[in-house]
Amino acid sequence: MSFLQPAAQSADTERMFDADTTAMGYLPNFTRLFAHSPAAYATWQQLNAAVKAGMDLRRYELATLAAARALKSSYCGLAHGKVLRDRFFDARTVAAIASDHGSAGLSPQEVAVVDFAGKVAADASSVTEADVASLRGHGLDDTEIFHVILAAAARCFFSTVLSAAGAKPDPQYDDVLDPELRRVLSFGG
């Protein structure tokens with residue numbers, strides 16, 4: 001599951017496990033990992049819910065996948081690639097987005113969002129006013145741009161925790177994603 005030993009069970013961890021098992025249909029490895037700090041997990045869930053609520057789900061998932069790719073997070077790549085496949089695109093298009101989003105049939109605005117989110121995740125200090133102006137030129141207002149930043153930055157937190165602890169992607173992805181899509185979404189960590 002990860003480099004860490006399982007957390008001690010408590011009433012808080014049991015509630016976490018029950019809630020996530022009900023929501024996902026299985027107990028994700030990330031939930032087991034976050035059992036080391038149920039308070040941090042609850043705070044993450046609140047933050048992530050607020051970020052998602054502030055933007056279009058398709059944009060959130062594209063920005064999140066871009067950040068996962070920049071961070072080399074296979075776990076997050078598989079998870080958010082699956083959402084994109086289930087909700088917005090076919091498997092072939094998701095594979096194209098993951099490998100070369102500029103030629104995957106996304107709108108120019110979506111390509112700009114993916115470019116920007118990837119840059120935020122890879123090196124936020126390299127973002128310039130020109131990068132923000134480019135998103136404005138693609139029709140995003142400052143609040144929408146801020147939400148793309150939030151989505152990428154939130155993914156930095158979650159992916160970094162999973163990668164640093166050695167959390168393995170859930171084996172259920174083997175059953176629900178075809179081998180080629182799994183390969184493309186497995187970014188390395």
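**Empty space and one helix pair**

Okay, let's start with the inside: the structure holds 1 cavity of 30 Å³ or more. Keep in mind as I go that this is a predicted model.

So how much space lies in the largest cavity? About 40 Å³. Have a look at what lines the largest cavity: you've got Leu62, Leu65, Ala66 and Arg69, then Ile97, Ala98 and His101, and finally Val114 and Phe187. Which helices each supply at least two residues of that lining? Those would be helix 4, residues 57-70, and helix 6, residues 91-100. Helix 4 gives the largest share, with 4 residues. By class, the lining of the largest cavity splits into 7 nonpolar residues, 1 polar and 1 charged.

Now for the pocket. The largest pocket has a volume of about 700 Å³. There are 27 residues lining the largest pocket, and the ones closest to its centre are Met24, Phe30, Ala79, His80 and Val83. If you want to find those on screen, zoom in on His80, one of the five names I just read out.

Quite a list of helices comes in here. Helix 1 (11-24), helix 3 (38-53), helix 4, helix 5 (74-87), helix 9 (142-164) and helix 10 (172-176) each supply at least two residues of the pocket lining. And which helix gives the largest share of the lining of the largest pocket? That's helix 5, with 8 residues. You may have noticed helix 4 turning up again: it supplies at least two residues to the lining of the largest pocket, and at least two to the lining of the largest cavity as well. As for the classes in the pocket lining, we have 16 nonpolar, 4 polar and 7 charged residues.

Last stop, a pair of helices. Helix 7 covers residues 108-123 and helix 8 covers residues 129-137; their axes come within 10 Å and cross at roughly 155 degrees. Helix 7 and helix 8 are therefore roughly antiparallel to each other. The crossing of the two, helix 7 and helix 8, is left-handed.

Who makes the contact? From helix 7 it's Ala112, Val113, Phe116 and Lys119, and from helix 8 it's Asp131, Val132 and Leu135. Sort the residues of that contact by class and you get 5 nonpolar, 2 charged and no polar ones.

That's my tour, so over to you for questions.

Terms used:
Residues numbered from 1 in each chain as written. Predicted model: local features only at pLDDT ≥ 70, side-chain atom pairs only at ≥ 80, totals over all residues. Heavy atoms only, no water. Axes fitted to C-alpha atoms, helices over the stretch in contact; angles between N-to-C directions. Parallel < 35°, antiparallel > 145°, perpendicular 65-115°, else oblique. Left-handed = near helix turned anticlockwise from the far one by under 90°. Contact = heavy atoms within 4.5 Å. Nonpolar A, V, L, I, M, F, W, Y, C, P; charged D, E, K, R; others polar. 1 Å grid on protein atoms, 1.4 Å probe; cavity = no way out; pocket = protein on both sides within 12 Å on 5 of 7 lines; lining within 4 Å. Points joined across faces, edges and corners; volume = space filled by probe spheres on them.
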